[in-house]
Amino acid sequence: MKKNGNGNIENGSIFFTDKEDYSTYSISNRFKEHLEFTLVKDKVTVTKEDAYYALSLSVRDRLVRRWLRTQREIFNQDSKRVYYLSLEYLMGRLLGNYLINYDFYEQCKKILAEEGYDLEEIMEYENDMGLGNGGLGRLAACYLDSMATLNLPAFGYGIRYEYGIFNQEIENGYQVEYADDWLKNGNPWDIMRRNLQYRVKFYGRVERKNYPDGSYCFDWVDTEDVMAVAYDVPVPGYKTKTVNNLRLWQAKAHTEFEFQDFNKGNYVEAVAKKNDSEVISKVLYPNDTYVEGKFLRLKQQYFFVSATLQDIIRKYKINHKNFNEFPDKVCIQLNDTHPVIAIPELMRILIDKEKLSWEKAWDITTRTFAYTNHTVVPEALEEWSEKIFGELLPRHLQIVYEINRRFLEEVKKKYTTDEGVLSKLSIISPGDDKRVRMANLAIVGSFAVNGVAELHTKILKERIFPDFNKIYPKKFICITNGITPRRWLRYANPKLSELITSKIGDEWIRDLTHIKQIENFVKDEDFKKQWREIKAQNKKALIELIEKENKVKVNPKSIFDVQIKRFHEYKRQLLNVLHVITLYNRIKENPRAKFVPRTVIFAGKSAPAYYQAKMVIKLINAVADVVNNDPEIGDKLKVVFLKNYSVSLAEKIIPAADLSEQISVAGLEASGTGNMKFALNGALTIGTLDGANVEICEEVGQENIFIFGLKAEEVVELKAKGYDPKKYYYENPELRKVIDMIYLNYFNPKEPGIFNDMIFGLLNVDYYCNLADYQSYIECQERVSKEWLDKDAWTVKSILNVARVSKFSSDRSVKEYAEKIWKVKPLIMNNSY
């Protein structure tokens, strides 16, 4: 039997057979065996949660053989591999998605029914994997699904956070955070790899060693070390033999505890270092408003990058004796700036450990990394204090300085000596408070930089990084984001999926371009009727959830007007609230007039330290309390904030939505993927020409979307001339009344003054142009209400939205990455597998 570098048997008959003979390995058999032998339960003691866990383990068992064979084929074919590095993976619940991808859904539904369980109910016992926060992590999860479906040799790497972003509760209208202990009952999907542990270093100092021939090297010594332990999660493609791997790192102390301290009776100190080490993977995104939080955030980034690069190099060395072919066999995709520390880390390994020259190491590095930028919001373009960076990673700071020195010297020779331009290009910011600019480092150290929508890429090239674009004119490209139709239509909206499949077949699930065929049915009255009935059923299910969670009765015939996303001022949930108050005032002023009823639904979390965003959540709930309890308003208007937003909650809300709010100030949303999910489920978009809204408008047609507000260039012009938000306040009586009501505590009589800072900011700064776009937004919403009254026309627009958004499949996005950046080809899987 053959063994690999870790001493594991690879091809022996003990583990592998050439054919999948599941006659004695059925899910039904495995389900019963896991209940009895893994969970040690019988029919008397078994719970529904046990049934979920046993079913998940049974499905995982069926994935394992193809999982192992996929890795074996990658090894045997010596394929070029793509490694996707992301600090977030918002995976959601895995069971339902895996059942669909492997076509086990109906089989498992029948198995559970025979045992007295309902599959849909059982799936509710799965916790969302707490590995992400917002769109960045959900995009990564969609891409993993597409990579496997397209049979690409791909690996995801991240951190196995013990606690997720946080559980959100609403107390007296305020967001309150509680720990998201998503692992409290274990995770049936991941497998601990006990033999895969890597040492990760922090702090210490750098020694220079000089040799008689004049050469020298550097040693990073006296470090504080942590072990990274691997946990693997299978990622199956849709009806394919490929099962890729998501490897997550968990921090473990290098030593269990200081035994000498323990023997002396100093028990607390004995385990202190162990606890300090393991906190690295405790929580997603620590509060970095404090110095300790900044250290921990940077620790997390380097921890997962260091372990990942050690793992990548270990795998590369199995088939290769030197690094000459490294960029031809390895492509590392950096998902935003969080993993960019990988660039100096690979340089450190190649120079200090592998003894390559700087020139050779830099050539390898700059042909290995590709960088995806996800934002133009200044604070999200990460910068690290030189002091923190140097204390935590002293050798890396040296390397970054040397990268910067050589880069600027090259710029001076080939491009410009203008000090103003050089200061913008520099990886190290000028001045006394020097900072390491991670986006600049990513651009200099990568062979490709991509934006995630056409407008976003244009802004990157022309406004954010214009000088970099002049230096590297071919480096910047656009790959518009996408979403997986398996999760966001087939799984989230089964009734609509069944209707679509009944008309055009199911090939759209694998290739979303086929969905355009439903456009042929826009004049089919029976089809349109069924389309409306399905939307009504989805709305009914959401109404039941709202009544259960929020104790609010909702009009099922109202427009379900939905804004669900991370709370940030640029996403302008506040503008939505201003519209809600405007509607409220109009009804109060003329309660007998005919109004098109609306249910305005919000969901989303604010970062714990983001005071302004948290106060918008408070305002939403304060307005909801008044609106929902005013008898004059009745069922004409309701406001709902659904707490603890997650992937699984989005799967309940999106299929029920009529109107999708994508109202960020133009020029600041990189792409967005929520806009794509809503459109794919038949909701019409109201939005600015921002991010991927621009391309959605081009695809679905201007007559099938509601566009308002300033364009990106108009926002820039407005601010350049001197934007005065007070002008809009004084010139618009309806807006002035809304603002005054908030300021005069109409919605918060028991907590006077709590929104004064918000109003002061709106009237004196309004950085995100809420007041400038207010009237255009109100008029656009009036058009929404008018068009809603024509049910047939609205249904046609809904169908056309679904039919025309195939461009926004993550399969298309990943194909573009594979062809334009990664240069990887699909695996050729042996048919006997």
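# Close-up views of a predicted model

A search of the whole structure finds zero disulfides, a disulfide being a pair of cysteine sulfur atoms within 2.5 Å. The model is predicted, so that local features need pLDDT of at least 70 and side-chain atom pairs count only at pLDDT 80 or more, whereas totals for chains, interfaces and linings use all residues. Residues are numbered from 1 along each chain as its sequence is written, and side-chain values use heavy atoms, with hydrogens and water left out.

**View 1. Cysteine 331 and cysteine 108.** The cysteine sulfur closest to that of cysteine 331 belongs to cysteine 478, and because the two sulfur atoms are 18 Å apart, they are too far from each other for a bond. Cysteine 331 has 1% relative accessibility and therefore counts as buried, a term that means under 20% relative accessible area, while exposed means over 50% and partly exposed lies in between (1.4 Å probe, protein chains only). Cysteine 108, at 0% relative accessibility, also counts as buried.

**View 2. The open sheet of nine strands.** The strands of this open sheet follow the order S5-S8-S9-S2-S1-S10-S11-S14-S15, with mixed pairing. Its edge strands, each pairing on one side only, are strand S5 (191–202) and strand S15 (476–478), and the twist averages 25° from one strand to the next. Strands (E, at least two residues) and helices (H or I, at least four residues) are DSSP runs numbered from the N terminus, and two strands pair if DSSP finds at least two bridges between them.

**View 3. Strand S11 and its two neighbours.** Strand S10 (residues 330–335) pairs with S11 in the parallel sense over four bridges; among the bridge partners, leucine 334 is matched with tyrosine 371 of S11, and glutamine 333 with alanine 370 of S11. S11 also pairs with strand S14 (residues 448–451), again in the parallel sense but over three bridges, and here the bridge partner of threonine 372 is asparagine 450 in S14. In a regular strand the side chains alternate between the two faces of the sheet. In strand S11 (residues 369–372) both faces are covered, with Phe369 and Tyr371 buried on one side and Ala370 and Thr372 buried on the other.

**View 4. Helices packed on the sheet.** Two helices are described here. Helix H16 (residues 438–445) packs on the sheet by touching S11, S14 and S15, and its direction makes about 135° with that of S11. Contact means heavy atoms within 4.5 Å, and the axes behind the angle are lines fitted to C-alpha atoms, for helices over the stretch in contact, with angles running from 0 to 180 degrees between N-to-C directions. Helix H6 (residues 135–149) packs on the sheet as well, touching strand S1 (81–85), strand S2 (154–159), strand S8 (224–236), strand S9 (243–253) and S10, and the direction of H6 makes about 55° with that of S8.

**View 5. Aromatic pairs and a cluster.** The structure holds 32 aromatic pairs, where rings of Phe, Tyr and Trp (its six-membered ring) pair if their centres lie within 6.5 Å, and planes under 30 degrees apart count as stacked, over 60 as edge-to-face and the rest as tilted. One of these pairs is formed by tyrosine 52 and tyrosine 53, which are edge-to-face at 6.3 Å centre to centre with 90° between the planes; tyrosine 52 and tyrosine 53 are both buried. Tyrosine 817 and tryptophan 822 form a stacked pair, at 5.1 Å centre to centre with 20° between the planes, and tyrosine 817 and tryptophan 822 are likewise buried. Tyr83, Phe155, Tyr157, Tyr198 and Trp249 form one aromatic cluster.

**View 6. Helix H23.** For the 18 residues of helix H23 (residues 611–628), a rise of 1.5 Å a residue gives an expected span of 26 Å, which agrees with the 26 Å between its end C-alpha atoms, because the expected span is 1.5 Å times one less than the number of residues. H23 is mostly covered, since 14 of its 18 residues are buried.

**View 7. Two loop residues with positive phi.** Most residues other than glycine have a negative phi. Asparagine 172, although not a glycine, has a positive phi of about 55°; asparagine 172 sits in the loop between strand S3 (167–171) and strand S4 (174–178), and because its relative accessibility is 57%, asparagine 172 counts as exposed. Arginine 572, also not a glycine, has a positive phi of about 60° and is found in the loop between strand S16 (559–564) and helix H22 (573–589), but at 1% relative accessibility arginine 572 counts as buried.
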